[in-house]
Structure formats: C-alpha cells, structure tokens
Amino acid sequence: VVMVYFNRMQIIEYSNGQEGLISGDSEYRKATNLLIATWAPFPFWYIVSPEGLNLVTNVLVIQLGWAFLNIVAKFSFIF
C-alpha cells in the first residue's frame with residue numbers, strides 16, 4: 001500500500017498532475033504500473049512460505065516460486 005502511494009505520487013509529479021495510476025499514456029506511468037504489478041506478489045509469497053505462516057512447506061515449490069517471481073519481475077521490463 002505504501003509503495004503504491006509513493007509510486008502514484010511519482011507519476012503525478014512526473015506528469016505535472018496530468019496522469020495517475022489509472023489514467024495516462026506515458027512510458028513512465030507504464031513502467032511504474034509494471035513495477036507495482038510485478039513486485040506486489042513478493043510479500044504474499046513470503047507470507048505463505050515457511051518464513052511466514054508456513055502454508056507452503058515443500059522446499060522445491062518455495063524455491064520455484066521465488067525463482068518465478070524474480071524472473072517475471074526482472075524480464076518484464078524488456079518492453
């Protein structure tokens with residue numbers, strides 16, 4: 001929630017109030033929304049992993065989950 005707030009403020013500042021999270025068409029806004037979308041799953045995966053609530057206990061599944069999240073977050077910026 002805090003990250004989304006600050007990213008929203010950055011978009012508004014960058015566009016001089018012309019754009020927001022939902023409205024606008026700049027590359028900066030698109031990159032910011034992509035960042036929010038690809039980073040948001042990390043805390044949720046942490047919560048379900050053994051470090052959090054221990055809902056997922058299979059080590060292979062946990063490691064593959066982290067790998068998948070990292071690959072998606074890094075390679076999605078090749079646009």
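**Helical arrangement, salt bridges and surface features of the chain**

K30 and E27 both belong to helix α2, which covers residues 27-39, and stand three residues apart, about one turn of the helix. In this predicted model, the two side chains form a salt bridge whose closest N and O atoms are 3.7 Å apart. E27 is partly exposed, at 48% relative accessibility. Salt bridges with shared partners join D25, E27 and K30 into one network. The other contact of K30 in this network is with D25, where the side chains meet at 3.5 Å, N to O. D25 is exposed, with a relative accessible area of 58%, whereas K30 counts as partly exposed at 36%. In general, side chains of opposite charge can pair when their charged atoms come close. A search of the whole structure returns two salt bridges. The position of K30 relative to the start of the chain was also computed: its C-alpha atom is separated by 19 Å from that of V2, a residue 28 positions away along the chain.

The secondary structure consists of four helices and zero strands, and the elements follow the order α-α-α-α from the N terminus. The chain has a radius of gyration of 16 Å, while a compact globule of 79 residues would have a value near 12 Å. The C-alpha trace spans about 50 × 25 × 15 Å along its principal axes. Of the 79 residues, 23% are buried. The accessible surface comes to about 5700 Å², and carbon and sulfur atoms contribute 69% of this area. Among contacts with a sequence separation of 6 or more, 38% are between residues 24 or more positions apart.

Contacts between parts of the chain that are distant in sequence include those of M3. This residue is found in helix α1, residues 2-14, and is partly exposed, with a relative accessible area of 30%. When residues up to four places away in sequence are not counted, M3 touches I36 and W39. The C-alpha atoms of M3 and A40 are separated by 9.1 Å, although the two residues are 37 positions apart along the chain.

Three aromatic pairs are present in the structure. One of them joins Y5 and F6 in an edge-to-face arrangement, with 5.3 Å centre to centre and 70° between the planes. Y5 is partly exposed, at 45% relative accessibility. Another pair, formed by F42 and W66, is stacked, with a centre-to-centre distance of 6.1 Å and an angle of 25° between the planes. F42 lies in helix α3 and W66 in helix α4, so this pair ties together parts of the chain that are 24 residues apart in sequence.

A nonpolar patch of about 560 Å² is located on the surface and is made by F44, Y46, I47, L53 and L55. L55 lies in the loop between α3 (41-48) and α4 (59-75). Its relative accessible area is 60%, and L55 is therefore classed as exposed, the cut-off being over 50%.

The loop that holds L55 also contains N54, which lies between α3 and α4. N54 has a positive phi of about 60° although it is not a glycine. The residue is partly exposed, with a relative accessible area of 41%. A positive phi, of about 55°, is also found at N16, again not a glycine. N16 is placed in the loop between α1 and α2 and is exposed, with a relative accessible area of 66%.

Technical notes:
Residues numbered from 1 in each chain as written. Predicted model: local features only at pLDDT ≥ 70, side-chain atom pairs only at ≥ 80, totals over all residues. Heavy atoms only, no water. Patch = residues over 30% accessible without salt bridge, like charges linked within 9 Å, V, L, I, M, F, W, Y side chains within 5 Å. Areas by Shrake-Rupley, 256 points an atom, 1.4 Å probe, with all protein chains shown as cover. Salt bridge = Lys/Arg side-chain N within 4 Å of Asp/Glu carboxyl O. Helix = DSSP H or I, 4+ residues; strand = E, 2+ residues; numbered from the N terminus. Buried < 20%, exposed > 50% of the residue type's maximum accessible area, 1.4 Å probe, protein only. Rg over C-alpha atoms; globule rule 2.2 N^0.38 Å. Contact = heavy atoms within 4.5 Å. Phe/Tyr/Trp six-rings, centres within 6.5 Å; stacked < 30°, edge-to-face > 60°.
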